[in-house]
Amino acid sequence: MLISAPVRPINSTAAATIRRVASASSPGGLPPHPRLRATRWTLAQALVTADSVKVIIQTNVQSYDYLTQPSGGRTGARPNNEVLTVTELHVRKMDFAFADYDVPFLWNPQNPAFSSMANAVSFLAIGFEKMIVQLINQAKPQITDPEVAEEADAFMRQEGQHSTAHRQHVKGLIRRYPGLQQTLDAVIREFDELTASTPVKYRLAYTADLEATFTPVFKLMLDNDSTLFAPGDDRVASLFIWHFVEEVEHRSSALIIFNSVVNSELYRMRVAPSVFRHVLRVIRVACAGFNEHVPLKDRQVDALSMFASYRNQQTLRRLLPGLRPADNGTMPRAFDDLGLKEQLVALGGIIRSQTPGHNPAHEKLPDLAGEWFRRYDEGYDVTRWYTADSVSS
Ligand SMILES: [Fe+2]
Ligand SMILES: [Fe+2]
């Protein structure tokens, strides 16, 4: 198969996006950045064959050739001619059938702390992604670049799908523990208040800041899927794997949108502390709700133990005369069994993600992401990531 595209002018964002997609699978490393010094870009040639993609972008400075082998699959690059589109995001609808069975809170019994942490992510995702959908709708009039508008639309729709799936998951938990409805309402309220009380530019920075941390964090998780996800309930594990893989897929979107509308690294960095204070506050609301509404025998751990400040407070209470620690269960950490080096790499990635000039396109990607896209494109049932083969055979 040979597909070629006509010569056409493109803007800097499209050039950067084509570079990002093309370079994701380039064995030769990253080609030069077409945004440097250039003021005009032309997509001069785009040839897609069965096993390679050749893209030539000409600028008023020089011409850039990208020769890639998209079938490599390791990085999650799209394995077909989608390199020619401005956004490579796919909106995938998922049904994990959470209404059909009793959704366990302790979905990975081998790691109760991770089970609880991931459940908190489900609650957070509903509120956060609801905020994103409202935000993009509000920001649309300010997005003048049609390529960025397309990116924003695909980003919003992908996040909308995540939110819908997490609602089904949380609904299943609420069926078993009705008090968690209050927790969900409280989490959503936190984000609704943020939407009502902050300007669009703040929420664009919030989204860009938080989303930038996802790739290193989710890489750590997906690289350790054999212990964090595989031993767990397959539908719940598959929900998180799908979501995290798509977060890796759209890792640049929020920053592209922020840069298009606000374009101030300084502002993004300045608001970061308040952004992460808010995120941690919301996760705390969810974890406190778990301690309150889910019996200890079902959650097995103190859900608040993921917060160092809480663990320190508990230690102090144990040591000081006249005080007693709260009796909410043991306090293991979700990543206790993961390698320290890997955790430090993830931490380094989180810090780097907040620095000026950060480009998520350069991030190292989890192998599982490439595998997930390949299987999805082949029609594998990704809602049963670990058991689909045995179910269908
Ligand atoms: Fe998401
Ligand atoms: Fe996202």
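Biologist: How do H2 and H4 pack, and what makes them roughly parallel?

Modeller: In this predicted model, their axes (lines fitted to C-alpha atoms over the stretch in contact, with angles from 0 to 180 degrees between N-to-C directions) are 9 Å apart and meet at about 30°. Angles under 35 degrees count as roughly parallel, over 145 as roughly antiparallel, 65 to 115 as roughly perpendicular and the rest as oblique, so H2 and H4 are roughly parallel.

Biologist: Which way do H2 and H4 cross, left-handed or right-handed?

Modeller: Right-handed. That's the clockwise case; left-handed means the near helix is turned anticlockwise from the far one by less than a right angle.

Biologist: And which residues of H2 and H4 make the contact?

Modeller: Among them are Phe123, Phe128 and Met131 of H2, and Leu184, Phe191 and Leu194 of H4. Contact here means C-beta atoms, placed from the backbone, within 7 Å.

Biologist: What classes of residue make up the contact of H2 with H4?

Modeller: There are 10 nonpolar, four polar and two charged residues. Nonpolar covers Ala, Val, Leu, Ile, Met, Phe, Trp, Tyr, Cys and Pro, charged covers Asp, Glu, Lys and Arg, and the others, Gly among them, are polar.

Biologist: At what angle do H2 and H5 cross?

Modeller: Roughly 130°, with the axes of H2 (residues 112-139) and H5 (residues 200-223) coming within 10 Å. That's why H2 is called oblique to H5. The crossing of H2 and H5 is left-handed. Their contact includes Met131, Ile132 and Leu135 of H2, plus Val200 and Leu204 of H5. By class, that contact holds six nonpolar, two polar and one charged residues.

Biologist: How many helices and strands does the protein chain have?

Modeller: 14 helices and five strands, counted as DSSP runs numbered from the N terminus: H or I of at least four residues for a helix, E of at least two for a strand.

Biologist: How do you know which parts to trust, going by pLDDT?

Modeller: pLDDT is the predictor's confidence in each residue, from 0 to 100. Among the elements, H4 (residues 180-197) has the highest mean, 97, and strand E1 (residues 3-4) the lowest, 50. Over residues 24-37 the pLDDT is below 50.

Biologist: Any ground rules?

Modeller: Residues are numbered from 1 along each chain as written, with chains lettered from A and ligands numbered from 1 in written order. Local features need pLDDT of at least 70 and side-chain atom pairs 80 or more, while totals for chains, interfaces and linings use all residues.

Notes
Two residues are in contact if their C-beta atoms, placed from the backbone, lie within 7 Å.
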